[in-house]
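Work through these exercises with the coordinates open. Try each task before reading its solution.

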Amino acid sequence: MNVRKMTVPEASGNQPERTCIGCRKKGLRSELLRLVAEGSGSSAVLVDERRRMAGRGAWLHPSESCLALAIKRRAFGRALNGATGTADVERRIKSGPNVAGVTATATPTVQPESGSEI
């Protein structure tokens, strides 16, 4: 009996990976910013904080070095069909990770099960 051993790559908690348009390295989706083109004829690039906006998305590490690489490589225009206005992205990256009420030390809210006593 010929049994072939299959190697399974190390899973990172079954979280999806995306490629940064700046450094071109893969990272977990939770570590990257999702960017979308504003649409309606505008060339602005918006940060999709909730990752729910319609349209094609691009992913970027929230670092100034990846932003600089993406601008230098003209990656925004290629990834987002001609969108090049990066003011919103630059503002978000320079303001740090605690934007829109998201904090690094946020504790999850735990709801008791129905019928349980606390």
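**Exercise 1**

In which loop is arginine 24 found? State its backbone phi as well.

*Solution.* The model is predicted. Begin with the position: arginine 24 lies in the loop between E1 and E2. Add the ranges: strand E1 covers 17-19 and strand E2 covers 26-28. Now take the torsion. Phi of arginine 24 is near 65°, a positive value in a residue other than glycine.

**Exercise 2**

Locate arginine 74 and give its phi. Then find the surface patch it belongs to.

*Solution.* Arginine 74 sits in the loop between helix H1 (64-72) and helix H2 (75-79). Its phi is about 60°, positive although the residue is not a glycine. Next, go to the surface. Arg24, Arg73, Arg74 and Arg78 gather there in a patch of positive charge. Arg24 of the E1-E2 loop and Arg74 of the H1-H2 loop are both members of this patch.

**Exercise 3**

Derive the strand order of the open three-stranded sheet and identify its edges.

*Solution.* Count the bridges from strand E3 (residues 33-39). Four bridges join E3 to E4, and the two strands run antiparallel. Four bridges also pair E3 with E5, again in the antiparallel sense. The order is therefore E4-E3-E5. Strand E4 (42-47) and strand E5 (57-60) stand at the edges. Each has a single partner strand, so one side of each is left without a neighbour in the sheet. As for the twist, neighbouring strands are turned by 35° against each other on average, direction ignored.

**Exercise 4**

Which residues are the bridge partners of leucine 35 in E4 and in E5?

*Solution.* Take one neighbour at a time. In E4, the partner of leucine 35 is valine 47. In E5, leucine 35 is matched by alanine 58.

**Exercise 5**

Describe the hairpin of E3 and E4.

*Solution.* Start at the strand ends: glycine 39 stands opposite serine 42 in E4. The hairpin has two residues between its strands. Check the torsion there: serine 40 takes a positive phi near 50°.

**Exercise 6**

How many salt bridges does the structure hold? Analyse the one formed by arginine 34.

*Solution.* The count is three. In one of them, the side chains of arginine 34 and aspartate 48 meet at 2.5 Å, N to O. That is inside the 4 Å cut-off for a salt bridge. Place both ends: arginine 34 is in strand E3, and aspartate 48 is in the loop between E4 and E5. The two residues are 14 residues apart, so this pair links distant parts of the chain.

Note on methods. Residues numbered from 1 in each chain as written. Predicted model: local features only at pLDDT ≥ 70, side-chain atom pairs only at ≥ 80, totals over all residues. Heavy atoms only, no water. Patch = residues over 30% accessible without salt bridge, like charges linked within 9 Å, V, L, I, M, F, W, Y side chains within 5 Å. Areas by Shrake-Rupley, 256 points an atom, 1.4 Å probe, with all protein chains shown as cover. Lys, Arg positive; Asp, Glu negative; His and termini not counted. Charge placed at Lys NZ, Arg CZ, Asp CG, Glu CD. Pairing = 2+ DSSP bridges. Axes fitted to C-alpha atoms, helices over the stretch in contact; angles between N-to-C directions.
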